[in-house]
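These notes are meant for someone opening this entry for the first time. They can be read alongside the sequence and the coordinates.

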Amino acid sequence: MNTRRIKKAITRLAYLPKNKYLFLYIVNKIKHFYYKAIKTTKVAYPSTIMLELTNHCNLACTTCPREYDYGKAMDKGTMSTKQAKNVIDELWPYLDSIGLTGMGETFMNNEIEEIVDYIKQKNKGIIISISTNANLPKFIDKASALVNRIDTIQVSIDGIDDVYEQIRKKASFKTLNENLIKLSKLCSDSKTDLMLNMVVTQENYQQMHKIVEFANSIGIRYVDFTLFNLAAVTNLDESYYAFYNSSKFEQALGILEETISKTRNVIVSNRNFKTDNSFQKCPFPWTHFYISWDGFVVPCCAKPFPKELNFGNVFEAKVIDVLNSKSFKNFRTLWFKNSTPGFCNKCHFINIKPVKTGKH
C-alpha cells in the first residue's frame, strides 16, 4: 500500500459514520465478509461505487470505448443532481469511496460542486476521486473549485507531445501541460492528490518512462499505468495483446523500472501486469459497481453500455435490489465457475498472458 492509499485510509478511519450509522456501517462490513466466506452470489451494500455524472466528452480518444461500435450506439446525457443525491442518500452510510467518473468528461457536468459538497455533508470521510482529460476550456477554474474538497484528481495522459495528440484526438498537449503545471501548484500542500494515468498501447509504450519524468518535472507525485482493454474495441482482435509479451515491451518495462528507481519524488502505484488472468481475476462482479448517467448498473467500466448488458436501473429500484437482482447473481455464478461470459470477450483481465518483468 503506497502513501496515498495510507493517507486515504487514515482519513476514512478518522471520519467513520457516527451513532446509528456506525452500527449500519459495521454490520454491513460483517455481512460482506460473511457473504464472501459462504460464497454466496448475494452482496452487501457496496463500500465503493462509480457514478457516471455524464457521458458527454470533448475528446475522441483511441483508447476510449465510446469511440467504437458499442459507444457510438449509446444514449448520451447527464445525471441530474437530484438523481445523484438519491443514490447517495441510499448508499452513503456504507461507502468508503466514490468515483465520480465514467465514459464522459466529468467536469462537463456543471453541478459537480454541489454533488461533491452533498457527499461531504453526508460524511467527510468518504473518499472522492474524479477522472478528467484536463483539456476543457476554463479547466483550471473548474478544477480549482474542487481542490481541498475532493481527495484525488486523476488526469488521463497517454503520451507526450505528438504521441499524446495522436491518441487523445481533439486534445492539445500544450493545453494539458499548461493546465497540469497550474493544477500541480494548486494541489501542492492541499488535501487533494494529483495523479497521472496512462493507458499503455502499442503507440505509446516506449514513453512510459517519459511519463514518470514528466510528472517529476512539474511536481506530480503519483502515476498509474493500465493496459489497453479491448472488451469494447470492435476493430481490434485479441491478437493485439501479444505485444505485451514482446521483447520490446519487456525492454520498455525495464527502462521504466530504472526511471522509477531514480525518481524518488514520484510513486508509481500500478504497473504489475504479471498475474495470471481469468474471469475470476475480475473484481467488478463484487465491487466498484458502475452506475451509468441514466441509472443503469452495468458490469464494468471497460464496457459500460446498458444496451449491451445491464442488471437493472437504480432510478426505478433500490441500488441494493439491483445489485442482488437475479441477472446479476447469475453473472456472479459464472464468476464462481470461472466461466467467462460472452460479454467479457477480449477483456484484458482474461485474454492477456502474464507479462514478463522488464529488465533493461
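Is Thr263 buried or exposed? Thr263 is buried, because its relative accessible area is 9% and buried means under 20%. The points below start from the surroundings of this residue. The model is a predicted one.

1. Thr263 and its contacts. Thr263 belongs to the loop between H10 and E9. Leaving out residues up to four places away in sequence, Thr263 touches Val212 and Asn216.

2. The helix before that loop. H10 covers residues 247-262, 16 residues in total. From first C-alpha to last it reaches 23 Å, close to the 22 Å expected at 1.5 Å a residue. Its buried residues are Phe249, Ala252, Leu253, Gly254, Leu256, Thr259 and Ile260. These buried residues pack against two strands earlier in the chain, E7 (193-200) and E8 (222-227), against helix H9 (208-217), and against strand E9 (267-270).

3. Phe249. This residue of H10 is buried. Apart from neighbours within four places in sequence, Phe249 is in contact with Val200, Tyr205, Met208, Phe243, Tyr244, Phe273 and Val355. Phe249 is also part of one aromatic cluster, together with Tyr205, Phe228, Tyr240, Tyr241, Phe243 and Tyr244.

4. The nonpolar core. The largest nonpolar core has 108 residues. The members that touch the most other members are Leu51, Leu100, Leu183, Leu196, Phe225, Tyr244 and Phe249. Tyr244 and Phe249 also appear in the aromatic cluster of the previous point.

5. The sheet. Nine strands make up an open sheet with mixed pairing, in the order E9-E8-E7-E5-E4-E3-E1-E10-E11. E9 and strand E11 (297-298) are at the edges and have a single partner strand each, so one side of each is left without a neighbour in the sheet. Strands of a sheet pair through backbone hydrogen bonds, in a parallel or an antiparallel sense.

6. Strand E1 and its partners. E1 (residues 48-51) runs parallel to strand E3 (residues 97-99), and 3 bridges join the two. E1 also pairs with E10 in the parallel sense, again over 3 bridges. Ile49 stands opposite Ile98 in E3 and opposite Phe289 in E10. On the far side of this part of the sheet order, E3 pairs with strand E4 (residues 127-132) in the parallel sense over 3 bridges. There the bridge partner of Gly99 is Ser129 in E4.

7. Which way do the residues of E1 point? Thr48 and Met50 point one way, while Ile49 and Leu51 point the other way. All four are buried. In a regular strand the side chains alternate between the two faces of the sheet. Leu51 is also listed among the core members that touch the most others.

8. Aromatic pairs. A search of the whole structure gives 24 aromatic pairs. One of them is Tyr164 with Phe173, an edge-to-face pair with 5.5 Å centre to centre and 70° between the planes. Both Tyr164 and Phe173 are buried. Another edge-to-face pair is Trp286 with Trp335, at 5.4 Å centre to centre and 80° between the planes. This pair links distant parts of the chain, as Trp286 is in the loop between E9 and strand E10 (289-291) and Trp335 is in helix H12 (residues 326-337), 49 residues apart. Trp335 is buried, with a relative accessible area of 16%. Trp286 counts as partly exposed because its relative accessible area is 21%, and buried means under 20%.

9. Charges over rings. Two cases can be checked by eye. The charged end of Arg332 sits over the ring of Phe328, 3.9 Å from its centre. The charged end of Lys303 sits over the ring of Phe343, 4.6 Å from its centre.

10. Positive phi. Asn19 has a phi near 55°, a positive value in a residue other than glycine. Asn19 lies in the loop between helix H1 (3-14) and helix H2 (20-38) and is exposed, with a relative accessible area of 68%. Asn338 also has a phi near 55°. Asn338 lies in the loop between H12 and helix H13 (348-351) and is partly exposed, at 33% relative accessibility.

How values were computed:
Residues are numbered from 1 along each chain as its sequence is written. Side-chain values use heavy atoms; hydrogens and water are left out. The expected span of a helix is 1.5 Å times one less than its number of residues. Buried means under 20% relative accessible area, exposed over 50%, partly exposed in between (1.4 Å probe, protein chains only). Contact means heavy atoms within 4.5 Å. Rings of Phe, Tyr and Trp (its six-membered ring) pair if their centres lie within 6.5 Å; planes under 30 degrees apart count as stacked, over 60 as edge-to-face and the rest as tilted. A charge sits over a ring if NZ of Lys or CZ of Arg is within 6 Å of the ring centre and within 35 degrees of the ring normal. Two strands pair if DSSP finds at least two bridges between them. A nonpolar core is a set of buried Ala, Val, Leu, Ile, Met, Phe, Trp, Tyr and Cys residues joined through side-chain atoms within 4.5 Å.
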